[in-house]
Amino acid sequence: MIRKAEDIDIEAIMNLTKACAKTMIAKGIYQWNEHYPNPSAFKNDIKRHELYVLEIDAQIAGTIVISTFKDEEYIPIKWLSENENNIYIHRLAIHPDFQRKGYAKQLMDFAEHYAIENSYSSIRLDTFSQNKRNRNFYELRGYKRLGDIYFPKQSEFPFHCYELVL
């Protein structure tokens, strides 16, 4: 079941993202750390009604942010569509115990369906350049790589920006 997250979910979401970070670090992918993601980001997502969770057997197994807010880091990117009526995907995560079972696809299908149903013109996102699995995941879904942005508190390596025009 995919539902909007609530304040009571923050602890479980943080446990999920910490488990993801630990698994990525073990694979040499330094995408998430002690600075990001953090509880305040998720609390803000909840306040904006943009954070969703995937529940399996009453356990939060995944999370995704579907936002209309364009972060300032995205300003220099030459997007394929006009800078209006777009959604932005952030913090897609599946707990390691539930990975490789199609749940990330399920959350992205949900986000894409949401965007189409609400007449958005495109879906934009970024993913860590050193995370080949994520890059392939988005590219196989038809997202086009457009440019790079940097989050120095997260990594010295860039994050690739992608867009899917609907």
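This passage looks at the salt bridges of a predicted model and at how two of its helices meet.

Salt bridges come up first. Side chains of opposite charge can pair when their charged atoms come close. A search through the whole structure turns up nine salt bridges, and a few of them are worth a walk-through here.

Take R91 and D45 to begin with. Their side chains meet in a salt bridge, with 2.8 Å from N to O. This pair ties together distant parts of the chain: R91 sits in strand β4 (residues 86-94), D45 sits in helix α2 (residues 39-47), and the two are 46 residues apart. As for their surroundings, both R91 and D45 are buried.

Next come E50 and R48, which also form a salt bridge, and here the closest N and O atoms are 3.0 Å apart. The two partners sit in rather unlike settings. E50 has a relative accessibility of 7%, so it counts as buried, because buried means under 20%. R48, on the other hand, comes out at 34% and so counts as partly exposed.

A further salt bridge joins the side chains of R145 and D148, at 3.8 Å from N to O. R145 is partly exposed, its relative accessible area being 48%. D148, at 32% relative accessibility, is likewise counted as partly exposed. Beyond such pairs there is also a network: K105, D109, E112 and R141 are joined into one by salt bridges that share partners.

Now to the helices. Helix α2, already met as the home of D45, has a neighbour in helix α1 (residues 10-26), and the axes of α1 and α2 come within 10 Å. These axes cross at roughly 130°. Angles over 145 degrees would count as roughly antiparallel, and 65 to 115 as roughly perpendicular; the crossing fits neither, so α1 and α2 are oblique to each other. As for handedness, α1 passes α2 in a right-handed crossing.

Which residues do the meeting between α1 and α2? On the α1 side they are I10, I13, M14 and T17. On the α2 side, their counterparts are P39, F42, K43 and I46. Sorted by class, the contact of α1 with α2 has six nonpolar residues, along with one polar and one charged. The polar one is T17 and the charged one is K43.

Put together, helix α2 shows up in both parts of this picture: D45 in α2 pairs with R91 of strand β4, while P39, F42, K43 and I46 of α2 meet residues of α1.

Conventions:
Residues are numbered from 1 along each chain as its sequence is written. This is a predicted model: local features need pLDDT of at least 70, side-chain atom pairs count only at pLDDT 80 or more; totals for chains, interfaces and linings use all residues. Side-chain values use heavy atoms; hydrogens and water are left out. A salt bridge is a side-chain nitrogen of Lys or Arg within 4 Å of a carboxyl oxygen of Asp or Glu. Helices (H or I, at least four residues) and strands (E, at least two) are DSSP runs, numbered from the N terminus. Buried means under 20% relative accessible area, exposed over 50%, partly exposed in between (1.4 Å probe, protein chains only). Axes are lines fitted to C-alpha atoms, for helices over the stretch in contact, and angles run from 0 to 180 degrees between N-to-C directions. Angles under 35 degrees count as roughly parallel, over 145 as roughly antiparallel, 65 to 115 as roughly perpendicular and the rest as oblique. A crossing is left-handed if the near helix is turned anticlockwise from the far one by less than a right angle, and right-handed if clockwise. Contact means heavy atoms within 4.5 Å.
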